[in-house]
Amino acid sequence: MMEKLHHSDHALKNRAFNCRMRNRYYEEVYYAFRTLVPSSDLTNETFRSQWIEVLDKNIHNYERLVTTCLEYAQASISNGKLEASTLYSKDKRWGVLQEEIFLVYFLQELLSTIRYVIARLETDNMLRKLSGSMQDKMTKPMGSGFVNNIQEKLNALNGATIEEFKDLTKHVMERFQIGNTLFGTIQELQNFY
């Protein structure tokens, strides 16, 4: 015969499950991010193109990983209701660690950054297509100065995008240093019966 669980036992089991899943996905999010970081100098045109291609191909899967991790992180904190959470310092059994709350904010910021990168990649893909179209027009006999001017601006914009992505990657890596510290503390302090 199955023992009937008290409401608080269900909540504890749900919290434990959500925390375990959050922890699992956080590790996946971190290691997946590491695969998106350029492993070489981006001054090489071929490598830059390959890196953008890798980003473009993998960024939507990465967004799904971060979203899933965020959902579990929010659910592990009173089902996402931060204002209803009791802190661990006040309740050792049911309380939420401040680090868990900070981790939610970190994941929200990371998701926002990823969505920004996705939007930029989509725009840059459109601009690359336009750039290809401009190259075709430049090879035709009409040789318009207007087309050359647009092509120069598109090339400059592509270079600026690479620099911006490098800066964003560096920024996210620095944020992960903080996130990893939070995550380590959470894993150290959190235990469920």
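Here are a few friendly notes on this predicted model, covering some buried residues, the cysteines and the internal cavities.

1. **Valine 29.** A good place to start is helix α1, which spans residues 7-36 and holds valine 29. With a relative accessibility of 0%, valine 29 counts as buried, because buried means under 20%. Leaving aside residues up to four places away in sequence, valine 29 touches Tyr62, Leu65, Val66, Cys69, Leu110 and Phe176. You may also like to look at threonine 68: its C-alpha atom is 9.5 Å from that of valine 29, and the two residues are 39 apart along the chain.

2. **Glutamate 63.** Next, turn to helix α2, residues 45-75, where glutamate 63 sits. Is glutamate 63 buried or exposed? Its relative accessibility is 17%, so glutamate 63 counts as buried. Beyond residues up to four places away in sequence, glutamate 63 has contacts with Leu111, Ile114, Arg115 and Ile118.

3. **Cysteines.** Cysteine 19 counts as buried, at 1% relative accessibility. Cysteine 69 is buried too, with a relative accessible area of 0%, and Cys69 is one of the residues that valine 29 touches. If you are wondering about disulfides, a search of the whole structure finds zero.

4. **The largest cavity.** The model has two cavities of 30 Å³ or more, and the largest has a volume of about 130 Å³. Which helices supply its lining? At least two residues each come from α1, α2, α3 (98-139) and α4 (145-189), with α4 giving the largest share, four residues. Among the lining residues are Phe33, Leu36, Trp51, Leu55, Ile59, Phe165 and Leu168. By class, the lining has ten nonpolar residues, two polar and no charged. Ile114 is part of this lining and is also among the contacts of glutamate 63.

5. **The second largest cavity.** This one has a volume of about 50 Å³. Its lining consists of Phe106, Glu109, Leu110, Thr113, His171, Val172 and Arg175. Helices α3 and α4 each supply at least two of these residues, and α3 gives the most, with four. The classes here are three nonpolar, two polar and two charged residues.

6. **Links worth tracing.** Thr113 and Val172 line the largest cavity, and Thr113 and Val172 also appear in the lining of the second largest cavity. Leu110 is another residue to follow: Leu110 lines the second largest cavity and is touched by valine 29.

Key
Residues numbered from 1 in each chain as written. Predicted model: local features only at pLDDT ≥ 70, side-chain atom pairs only at ≥ 80, totals over all residues. Heavy atoms only, no water. Buried < 20%, exposed > 50% of the residue type's maximum accessible area, 1.4 Å probe, protein only. Contact = heavy atoms within 4.5 Å. Disulfide = S-S within 2.5 Å. 1 Å grid on protein atoms, 1.4 Å probe; cavity = no way out; pocket = protein on both sides within 12 Å on 5 of 7 lines; lining within 4 Å. Points joined across faces, edges and corners; volume = space filled by probe spheres on them. Nonpolar A, V, L, I, M, F, W, Y, C, P; charged D, E, K, R; others polar.
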